[in-house]
Amino acid sequence: MLHNPAAAAAAMEEQLRQQQLRVLLNASSRPSPSSSSSIWPSNSSASEPVTAAAAAGGGEAAGGGGGAVSPWDIALCATGTAVACENALVLAVLFYTPSLRAPMFLLIGSLALADLLAGLGLVVNFTVQYLLQPPNAAVALSAAGLLLTAFSASVCSLLAITIDRYLSLYNALTYHTERTLSFTCAMLLLMWLLCLGVGLLPLLGWNCLRDQATCSVLRPVTKDNAAVLAVTFLLLFALMLQLYLQICRIAFRHAQQIAVQHQFIATAQATSTRKGLSTLSFILGTFALCWIPFAIYSLVADSSYPAVYTYSLALPAACNSLINPVIYAFRNPDIQKSLWLACCGCIPSTFSSRPRTSSDV
């Protein structure tokens, strides 16, 4: 053999090096399934062993690799199913009852539609995470966009209902002429277009698939985008709190005026006002407990935090969509009447159809 053995060995070593480099380049040019398969956090990170992360409740690596399903993801999927069914019932009652066409019921319908989409988004996210093989980045980004659109619309619908309640008290004489059906539809359309724009951001490139270091606790949303969403949510909550304080002030003033005009000790009116305050406290307290911890955590945390923290705060936020129909729909006497007629074809004799007054809040 005329070849130099040392030169042959060096050439072979150089060839192996080039093959390894090509493999690395091909691997880095494809987004990994675990980084793009879900808006929820991955259950494995560079700083944690896989077993510890799986115990913490992550599901992407387990789902993608055929392992056990995370109990946190099961809980979110079950919550989403319950949310979708409950809000579908609200939408069915509003749709099949011709008398429920006032602007107030349009706002309740918008909230129910947003929560219905949020529940479906949780189910779709579970399906994409565990059942879609092989993982598809576009489908995962679409599922993330659906969740962002739905929860944004849910929060905005709650704000719209708060504004509507405030205007019904502040402009009680002109409210019904100013808040027409067409005006409410136009405002809701603009709100939904804005929320849809927020949901499209991950698909338009505002995601962290190319740079995992920029991921927030909710992949594929970046840390900067998550911070903007969290700050926006806190500002909206502050606005809702201010509006409800104004509602309480106006309700107290109306109750005192009614008591003076009728010249009697307004025991019943005071009881009604106290009930309204209890309702407001329950509404704001529930909303704050469900969403504020998650918003603050999204503001300060990133993808390096344990997944169990994200899941334990995201689940109450999802449960808020389960509570909304109880607070805003099923307590309404007109919706209750429609439910009784739809379920048993009659209205119970104990059913009270007393019209709501301004002091009822």
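**Exercise 1.** Which residues does Asn-332 touch, not counting residues up to four places away in sequence?

*Solution.* Start with the setting: this is a predicted model, where local features need pLDDT of at least 70, side-chain atom pairs count only at pLDDT 80 or more, and totals for chains, interfaces and linings use all residues. Residues are numbered from 1 along each chain as its sequence is written, and side-chain values use heavy atoms, with hydrogens and water left out. Next, find Asn-332 in the loop between α12 and α13 (333-344); helices are DSSP runs of H or I, at least four residues, numbered from the N terminus. Then list its contacts (heavy atoms within 4.5 Å): Asn-332 touches Met-104 and Phe-105.

**Exercise 2.** Compare the span of helix α12 with the expected one, then locate its kink.

*Solution.* The expected span is 1.5 Å times one less than the number of residues. For the 23 residues of α12 (307-329) that is 33 Å, and the end C-alpha atoms lie 34 Å apart, close to expectation. Now look at the bend (the angle between axes fitted to the seven residues ending at a residue and the seven starting there): about 35° at Ile-323, shortly before Pro-325.

**Exercise 3.** Find the disulfide and describe its cysteines.

*Solution.* Search for cysteine sulfur atoms within 2.5 Å; the whole structure holds one such pair. Cys-208 and Cys-215 form it, with sulfur atoms 2.0 Å apart. The link of Cys-208 and Cys-215 is right-handed, with 90° about the S-S bond. Finally, check burial (under 20% relative accessible area, 1.4 Å probe, protein chains only): Cys-208 and Cys-215 are both buried.

Notes. Helices (H or I, at least four residues) and strands (E, at least two) are DSSP runs, numbered from the N terminus. Buried means under 20% relative accessible area, exposed over 50%, partly exposed in between (1.4 Å probe, protein chains only).
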